[in-house]
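Hi everyone, thanks for coming. I'd like to walk you through a model that may be new to you, and I'll take it one piece at a time.

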Amino acid sequence: MPQVTLTVNGKQHTVTVEGRTLLVELLREKIGLTGTHVGCDTSQCGACVVHVNGVSAKSCTMLAMQADGANVTTIEGLAAADGTLHPMQEMFREHHALQCGFCTPGMVMSAIDLVNSHPQGLTEKEIREGLEGNLCRCTGYHNIVKAIAAAAPLMHAK
Amino acid sequence: MYDFNYEKPASLAAAVATLTGDADAKALAGGMTYIPVLKMRLAKPSAIVDLSAAGLSGITVTASSVTIGAMTTHDTVAKNAQVRAAIPALAALAGGIGDEAVRHRGTIGGSLANNDPAACYPSAVLALGATIKTNKRSIAADDYFQGMFTTALEDGELIVSVEFPIPQKAAYEKFRNPASRYAIVGVFVAKFANGARVAVTGASQGGVFRHEGMEKALSANFSPDATAGVTTDTDNMNQDIHASAEYRAHLVGVVTKRAVAKA
Amino acid sequence: MPFEGIGASVRRKEDVRFLSGRGNYTDDINRPGQLYAVMRRSDRPHAKILGIDTAAASAAPGVVAIFTGADMAKEEIGGLPCGWQIHNKDGSPMAEPPHPVLAVGKVRHVGDPVAVVIADTKQQARDAAELISIDYQDLPSVSSTPDALATGAPLVHDEVPGNLCYDWHIGDKAVVDGVFAKAAHVVKLDLVNNRLVPNAMEPRAAIGDFDTSSGDYTLYTTSQNPHVIRLLMGAFVLHIPENKLRVVAPDVGGGFGSKIYHYAEEAIVTWASAKVRRPVKWTADRSESFMSDAHGRDHVSTAEMAVDADGKFLGLRIHTLANMGAYLSTFAPCVPTYLYATLLAGVYTTPVIYCEVKAVFTHTVPVDAYRGAGRPEATFLLERLVDCIAHDTGIDRVELRRKNFIAADAFPYQTPVALEYDSGDYQTTLRVALENSDYAGFEARRAEAAKRGKLRGIGVSTYLEACGIAPSAVVGSLGARAGLYEVANIRVHPTGSVTVFTGTHSHGQGHETTLAQLVCDQLGVPLSQVDVVHGDTAKIPFGMGTYGSRSLAVGGSAMVKAMDKIIAKGKKIAAHLMEASVEDIEFANNTFTVAGTDKSKTLTDISLAAYVPHNYPIDVLEPGLDETAFYDPKNFTFPGGCHVAEVEIDPETGVTEVINFTAVDDVGRVVNPMIVEGQIQGGVAQGIGQALLEAAIYDKSGQLMSGSMMDYTMPRADNLPNFNVATENTMCTHNPLGSKGCGEVGAIGSPPAIMNAVIDALKQFGVRHIDMPATGPKLWSIIHAGQAKMAAE
Ligand SMILES: Cc1cc2nc3c(=O)[nH]c(=O)nc-3n(C[C@H](O)[C@H](O)[C@H](O)COP(=O)(O)OP(=O)(O)OC[C@H]3O[C@@H](n4cnc5c(N)ncnc54)[C@H](O)[C@@H]3O)c2cc1C
Ligand code: FES
Ligand code: FES
């Protein structure tokens with residue numbers, strides 16, 4: 001069976017997988033990082049979004065083998081070692097941008113990518129459009145949009 | 001998913017060799033279409049040939065053309081300054097495919113090889129009269145698309161790059177499926193010195209097609225008003241829970257008008 | 001101490017866990033030695049099972065066991081029970097056909113489970129499930145609600161003639177008919193309430209874990225009510241006594257009703273775990289959720305209002321067909337009856353009401369309560385009907401509502417359909433909503449939009465719902481097979497920190513915060529020293545769970561009652577310690593004082609004494625400070641309010657954009673305003689989804705056309721506006737908190753507001769009613785036909 005070597009949240013892992021093993025399965029079942037979720041089987045919901053080499057990717061639509069040699073960041077890897085939350089996590093909390101929390105990891109990872117790719121700032125419309133690949137059934141998005149708008153300047157200030 | 005062998009050849013030649021050596025092996029580009037297909041168990045390849053190390057990505061822009069490597073992602077095309085300057089409509093089209101995470105991985109080669117009847121890129125390729133370059137030959141856009149999910153590609157033939165002539169003006173407008181966000185109707189209009197080309201995706205049962213009526217009208221007068229009164233035959237239109245044939249035929253007119261206005 | 005009690009928008013205690021990826025959802029749990037279950041489901045709507053050949057599948061790699069309905073029947077496993085019995089007009093009970101856990105003899109909807117494969121890995125189980133060969137004989141099917149009753153319609157259950165589950169009514173038909181005969185106007189409306197797929201973002205999952213040494217069973221499941229699952233599955237399906245069965249519902253990723261019910265897969269993994277003597281895990285794929293989670297709504301109704309010359313409502317007459325799907329889901333029968341017809345007075349003084357409801361079986365996924373359950377159906381019907389009355393009589397739609405409102409001083413108000421409302425002020429919520437939405441300035445905005453080629457409309461809905469369910473004796477008399485009280489155990493630890501064990505369950509509502517705030521408020525303990533535990537039958541005495549916006553009104557009231565007991569006992573201890581009489585002890589701000597003196601003891605002093613009873617009235621008082629209360633509500637609670645929607649329609653495409661959405665709701669006492677606003681926003685989003693985007697569509701052959709997120713339109717961020725949400729509260733008069741509930745109001749009030757706005761936008765085309773969802777193609781056809789007609793004139 002093939003082996004994949006990758007760095008997840010700064011730690012290197014070498015894992016035996018099947019050809020068909022998905023990145024999300026590798027993360028959840030082999031490495032035990034269950035913060036990344038699976039909400040659909042048609043690549044629509046974004047609950048599984050992680051960063052692969054610094055940009056967002058749907059880990060349910062990627063083979064584990066495709067991540068060979070990659071640097072992967074998951075929701076578990078965002079906070080500082082002392083537990084200080086990433087500004088996006090902090091603003092999600094501040095603005096009540098999560099309810100059941102199931103969409104949240106993917107939502108936060110997508111939101112960080114969105115802010116990173118818009119150094120000039122984001123309008124409300126751009127935020128809403130930028131969340132096209134992430135579904136939330138609980139919040140109605142209102143507070144998620146608010147949280148991202150609040151996090152953007154904090155992230156750029158850093 | 002059924003299990004398969006995973007291979008990642010380091011060159012185009014090696015990829016072609018693997019694919020020709022095993023009829024059940026299948027190329028994998030961004031996987032944004034093919035992995036969902038595998039997950040639904042609609043395909044059972046013996047091997048997956050990951051093209052990501054085969055050296056197929058990159059963008060070259062000259063005075064008259066834009067050439068995009070097959071493995072170039074939608075996000076790269078969308079953000080590339082040279083593409084944005086030369087054919088802004090193409091960059092905008094790429095920036096409107098799926099969502100950002102999909103654009104980070106999905107590629108032009110995969111999109112064109114797949115030829116989903118609701119995909120965006122085929123309309124740009126056809127309207128711009130692009131040339132599909134494979135490991136074997138060059139294929140003109142007009143010969144390439146052969147009905148939904150069907151192309152001129154032979155077994156084991158790989159797209160290497162796509163060369164787009166630079167038009168005077170162009171624009172892509174998409175009316176999205178509210179659920180999947182693919183095109184219910186997508187229209188790419190392009191104005192060249194010798195006339196206009198209009199390609200429609202999403203609407204037809206036969207996949208992407210050139211709209212002769214619109215091309216005629218817009219060649220005479222490249223303005224939104226010129227599209228008024230140009231009708232689209234409902235006979236070949238797709239029909240599903242999201243749009244009737246009549247609605248699609250009507251939208252072709254609306255979307256074309258809006259594309260021209262944007263160009 | 002910062003203000004953390006009732007009324008404080010404190011940030012949620014649970015959030016850091018969820019935001020750091022440390023939530024603990026069912027699929028995150030792995031038990032040692034765990035196997036994986038995959039269901040082989042029917043791909044046909046209706047067929048006889050002639051044979052099942054599992055030989056090839058059994059021989060596939062990794063397969064440990066395969067079970068079918070026959071295997072379960074051999075062990076006398078019961079069918080899935082229904083928790084509510086409705087009676088027909090003639091007093092006979094409803095038809096209640098068996099609901100086998102795994103299909104026996106026949107399959108009755110696409111998705112009906114036929115066999116389960118248990119293997120070492122999920123992929124192996126799935127590989128093998130494909131190898132099961134099922135010999136079907138296809139039978140004709142019926143999926144549409146009205147078709148189910150047609151003569152000669154294929155029968156879903158041979159023993160249920162005409163597919164009629166029940167034929168129920170409320171009210172006096174003769175009296176209502178008499179009122180109609182004399183009325184100045186009769187306004188009639190035919191309407192459909194669309195079928196929806198709840199689609200909580202976390203797919204359902206279940207792990208059965210049989211302990212071979214003790215013989216105890218544990219079920220981890222995505223449930224809104226673990227005790228209810230223990231009761232139903234233990235008593236009716238698997239015959240496991242409560243002491244041997246533990247049900248854990250850990251973090252649950254949204255429910256909206258769909259995770260109330262006892263589902264087949266829960267029983268399958270629990271039972272199979274004992275058969276294979278290893279833990280068995282099942283997790284749904286989303287496509288599986290579409291065909292196995294209970295759907296919502298699906299009503300076809302005719303509504304008529306008798307109106308006098310001034311626009312006063314005189315009587316309401318309604319006929320409704322409700323689709324139950326192929327089997328009765330746990331609470332399905334009560335949704336179109338006691339959660340629907342009893343709400344038909346709404347906020348209006350309509351003196352007489354008659355409603356008859358026929359529930360039908362079809363070859364579709366079972367239908368049950370979905371966010372709002374029955375009340376959105378009643379509200380949509382009423383609020384559309386009121387706009388039609390305005391349309392037909394020429395009376396202004398806001399005036400018409402005002403004229404018929406129950407007055408703020410008329411409470412308690414007895415409706416003609418059983419409910420007695422305790423409080424409300426509909427004029428105020430309407431007035432504030434009109435102000436907040438700048439209703440008065442709308443025509444200028446309409447004109448401005450017209451200049452841009454857009455059709456702009458505004459719509460109002462004034463609604464009421466009944467939640468905080470429910471008085472046990474009342475629901476018992478109406479057919480409920482359970483009590484609907486709630487339970488709280490308050491444990492004050494020796495050093496004064498507190499753990500709350502609640503029978504309610506949080507799957508997004510924020511109970512770990514809101515319920516803790518009640519403790520801050522009543523006992524004066526800081527939030528950081530209060531923990532709320534829920535979702536485990538091994539830890540919590542009992543509970544009925546979370547649905548029907550009941551957690552605060554009922555579960556919170558149980559906490560108040562338990563804390564009253566804590567304080568009462570604390571006073572006795574304090575009296576002993578301070579050598580005063582109990583009557584002189586007062587409690588406030590975490591401190592017991594002797595009235596009129598400066599003598600005091602903190603709660604911690606008291607709890608320490610209670611657990612270290614050295615100086616303690618041990619002869620008359622037990623040690624410890626740990627109290628449990630069961631609270632049975634005296635009545636339902638009645639949140640209400642007004643929603644105003646403003647939309648723009650693109651006439652060229654028919655696509656609707658929601659420009660503004662204003663909600664002013666009366667939810668009673670608000671404990672955490674931030675959380676309440678979030679609940680309303682989320683509910684409104686689901687309501688907008690129902691009105692504009694979502695529909696579970698079956699084709700004639702019984703296949704679910706919108707069976708994945710590629711085809712079922714879920715609301716996304718760019719489909720929705722920012723919401724303008726506010727509350728104008730009157731207090732519930734019969735529970736100690738005054739709270740009414742806020743979980744469903746958003747989804748109840750919003751669909752008619754949106755549809756009234758859409759229809760208002762299209763009024764130039766003479767449109768009177770449009771069924772949901774108002775999709776682009778639907779509106780375009782109306783506009784297109786309207787324009788053609790206008791051009792012809
Ligand atoms: C959520 C979501 C939304 C989307 N929305 C849109 C949309 O709005 N518009 C749109 O156009 N698309 C959309 N897509 C599809 C997306 O554009 C895909 O990226 C694209 O269709 C396929 O590209 P890929 O690189 O992912 O190819 P893959 O999935 O890897 O491959 C697709 C097919 O092409 C073959 N193939 C790949 N590369 C080559 C090559 N170089 N030569 C020959 N054959 C090759 C593969 O064997 C396979 O059969 C969406 C996808 C998702 C998941
Ligand atoms: S789980 Fe990856 S997009 Fe839904
Ligand atoms: S918080 Fe529940 S799905 Fe987003």
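I'll go through two interfaces and one ligand site. Please keep in mind that this is a predicted model.

Let's begin where chain A meets chain C. How many residues are in contact here? On the chain A side there are 44, and they touch 52 residues of chain C. Putting these two chains together buries about 4200 Å², and carbon and sulfur atoms give 52% of that area. If you want a few names to look for in chain A, try Arg93(A), His96(A) and Arg137(A). These three lose the most area to chain C, and together they make up 20% of what the chain A side buries.

Now, what holds our attention at the level of atom pairs? Between chain A and chain C there are five salt bridges. One that you can find on the screen joins Arg137(A) to Glu694(C), with the closest N and O atoms 2.8 Å apart. So that you can place Arg137(A), remember that it was also among the residues of chain A that lose the most area to chain C. Across this interface there are also 29 residue pairs in polar contact, counting pairs with both residues at pLDDT 80 or more.

Which helices of chain A take part? Five of them each supply at least two residues to the side that touches chain C: α1 (23-30), α2 (87-94), α3 (104-116), α4 (124-130) and α5 (142-157). The largest share comes from α2(A), with four residues. By class, this side of chain A divides into 16 nonpolar, 16 polar and 12 charged residues.

Let's turn to the other partner, chain B. Here 22 residues of chain A are in contact with 29 residues of chain B. The buried area is about 2100 Å², with 56% of it from carbon and sulfur atoms. Which residues of chain A lose the most area to chain B? They are Arg20(A), Gln66(A) and Glu132(A), together 29% of what that side buries.

Glu132(A) comes up again when we look at charges, as it forms a salt bridge with Arg181(B), the closest N and O atoms being 3.7 Å apart. The count between chains A and B is three salt bridges, along with seven residue pairs in polar contact, both residues at pLDDT 80 or more. On the chain A side, the largest share is four residues from strand β4 (residues 55-58). That side holds seven nonpolar, eight polar and seven charged residues.

And now the ligand. Where does ligand 1 lie? It sits between chains A and B. A total of 32 residues surround ligand 1, and the closest are Ala27(B), Gly31(B), Tyr34(B), Thr107(B) and Cys120(B). A backbone N or O atom of Ala27(B) is 2.5 Å from an oxygen atom of the ligand. A polar backbone atom of Ser111(B) lies 3.4 Å from a ligand oxygen, and the side chain of Tyr182(B) places an N or O atom 3.0 Å from a ligand nitrogen. On its own, ligand 1 has 960 Å² of accessible area, and the protein covers 96% of that.

In chain B, β2 (25-28) and α7 (108-114) each supply at least two residues of the shell, and α7(B) gives the largest share, four residues. The shell has 16 nonpolar, 11 polar and five charged residues.

That's the tour, and I'm happy to take your questions.

Methods: Residues are numbered from 1 along each chain as its sequence is written. Chains are lettered from A and ligands numbered from 1 in the order in which they are written. This is a predicted model: local features need pLDDT of at least 70, side-chain atom pairs count only at pLDDT 80 or more; totals for chains, interfaces and linings use all residues. Side-chain values use heavy atoms; hydrogens and water are left out. Contact means heavy atoms within 4.5 Å. Buried area is the accessible area (1.4 Å probe) that two parts lose on being put together, summed over both. A salt bridge is a side-chain nitrogen of Lys or Arg within 4 Å of a carboxyl oxygen of Asp or Glu. A polar contact is a pair of N or O atoms within 3.5 Å; within protein, one must be able to donate a hydrogen and the other to accept it, and residues adjacent in sequence count only if both atoms are side-chain atoms. Ala, Val, Leu, Ile, Met, Phe, Trp, Tyr, Cys and Pro count as nonpolar, Asp, Glu, Lys and Arg as charged, and the others, Gly among them, as polar. A residue is near a molecule or strand if one of its heavy atoms lies within 4 Å of it. Accessible areas come from the Shrake-Rupley method with a 1.4 Å probe; for residues, only the protein chains shown count as cover.
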